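Please examine the structure shown below together with its sequence. The paragraphs after it lead from the sheet to the helices and then to the side chains.

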Amino acid sequence: MKPLYQHPKMVLFDHDGTVVDSETIALESAWRLTNEVAREFPGAQYYELEDFVKSFAGKPYREILKKLYPDSLTSLNERDIDRLVAEEEKRAIQRLTIEAKATEGTPEVLSYLRDEGFEYALVSNSSLQRLSACLTSAALTDYFPSEHIFSAHDSLPVPRPKPLPDIYLYAVKCLDAEISDCVVVEDSLSGIRAAVAAGIGQIIGYVGGTHISEDERKSRADGLQSAGALQVIDRMHDLIDILSATPL
């Protein structure tokens with residue numbers, strides 16, 4: 001049932017590690033592939049899994065490869081990179097289709113937003129195929145109609161991932177929203193920086209995903225605030241209090 005009152009705020013959620021607890025699953029898959037890649041293309045910097053997750057959460061695999069191979073123009077050509085990016089996508093989707101779950105409290109928060117007349121959307125670096133697999137596995141498809149899902153990989157004429165602001169600017173335009181009325185919820189530095197660059201009115205960091213350990217949460221929260229988050233939450237339910245207290 002559609003609410004009688006439409007709230008002026010537009011809430012823009014990141015996906016991986018924010019709405020869906022997918023980062024650990026996808027990054028573990030990417031780490032395993034990276035170790036295979038290192039046997040084919042020696043010279044990559046080696047990371048233990050825990051450090052890999054900490055270092056590369058929120059980053060596309062193409063960017064990860066270029067960080068691992070700083071001289072990638074000689075170690076990996078563009079054809080190699082394209083092949084490995086496609087393989088990482090295939091492997092990640094295979095696992096996410098089965099294992100992806102909503103972050104704790106997210107279904108209840110989305111239900112609250114819908115019932116209270118908030119508009120909201122999903123704004124992600126991930127491909128539409130990956131987003132669909134995750135949302136289906138996490139039982140969140142009913143909350144996000146296709147016209148409220150935006151992918152830096154597929155929605156733009158040319159992929160322009162966060163920390164570039166393009167996907168946020170595109171989403172706001174498509175949703176006919178005002179930048180100043182938008183609230184962004186992000187778990188990564190690249191996402192916060194993208195929201196800052198886009199001029200989003202209110203930016204909230206989220207550190208409740210399982211890819212962020214208890215020991216790491218304080219430093220991660222400090223980093224998100226330094227990058228531009230006005231507030232940081234570690235429980236998705238806390239978003240309700242923030243939005244309820246936000247002036248119209």
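The explanation that follows begins with the backbone and proceeds to individual residues.

The model under discussion is predicted. Its strands include an open sheet of 6 members, arranged in the order β3-β2-β1-β4-β5-β6 with parallel pairing. At the edges of this sheet stand β3 (149-151) and β6 (231-233); each has a single partner strand, so one side of each is left without a neighbour in the sheet. On average, and with direction ignored, neighbouring strands are turned by 25° against each other. At the β3 edge, the connection to strand β2 (residues 119-124) consists of 3 bridges, and the two strands run parallel. Within this pairing, V123 has F150 of β3 as its bridge partner.

Two helices that pack on the sheet may be considered next. Helix α10 (residues 217-227) touches β4 (182-186), β5 (202-206) and β6. Helix α11 (residues 238-245) also packs on the sheet, where it touches β1 (10-13), β4, β5 and β6. The direction of α10 makes about 150° with that of β6, and for α11 the angle with β6 is likewise about 150°.

Two residues in other helices illustrate buried positions. S29 lies in helix α1 (residues 23-40). With a relative accessibility of 6%, S29 falls under the 20% limit and therefore counts as buried. Leaving out residues up to four places away in sequence, S29 touches R91, A92 and R95. I81 belongs to helix α5 (residues 78-99). The relative accessibility of I81 is 0%, so I81 counts as buried. When its neighbours within four places in sequence are set aside, the contacts of I81 are R62, L65, K66 and L76. By contrast with these contacts, the C-alpha atoms of I81 and S126 are separated by 17 Å, the two residues being 45 positions apart along the chain.

The aromatic side chains can be treated in terms of ring geometry. In total, the structure holds 6 aromatic pairs. One of them joins Y47 and F56, whose ring centres are 5.1 Å apart; their planes meet at 65°, so the pair is edge-to-face. Y47 counts as buried at 16% relative accessibility, and F56 is buried with a relative accessible area of 3%. Another pair is formed by Y112 and F118, with centres 6.4 Å apart and planes at 35°, so this pair is tilted. Here Y112 is partly exposed, with a relative accessible area of 21%, whereas F118 is buried at 6%. Ring pairs also link Y47 and F56 with F52 into a cluster.

The cysteines remain to be examined. A disulfide is a covalent bond between the sulfur atoms of two cysteines. A search of the whole structure finds 0 disulfides. For C174, the nearest cysteine sulfur is that of C182, 12 Å away, and C174 is in no disulfide. Why does the sulfur of C182 form no bond with that of C174? The closest cysteine sulfur to that of C182 is the one in C174, and the separation of 12 Å is too far for a bond, because a disulfide requires the sulfur atoms to lie within 2.5 Å. The surroundings of these cysteines can be described as well: C174 is partly exposed, with a relative accessible area of 42%, while C182 is buried at 0%.

Technical notes: Residues are numbered from 1 along each chain as its sequence is written. This is a predicted model: local features need pLDDT of at least 70, side-chain atom pairs count only at pLDDT 80 or more; totals for chains, interfaces and linings use all residues. Side-chain values use heavy atoms; hydrogens and water are left out. Rings of Phe, Tyr and Trp (its six-membered ring) pair if their centres lie within 6.5 Å; planes under 30 degrees apart count as stacked, over 60 as edge-to-face and the rest as tilted. Buried means under 20% relative accessible area, exposed over 50%, partly exposed in between (1.4 Å probe, protein chains only). Helices (H or I, at least four residues) and strands (E, at least two) are DSSP runs, numbered from the N terminus. Contact means heavy atoms within 4.5 Å. Two strands pair if DSSP finds at least two bridges between them. Axes are lines fitted to C-alpha atoms, for helices over the stretch in contact, and angles run from 0 to 180 degrees between N-to-C directions.
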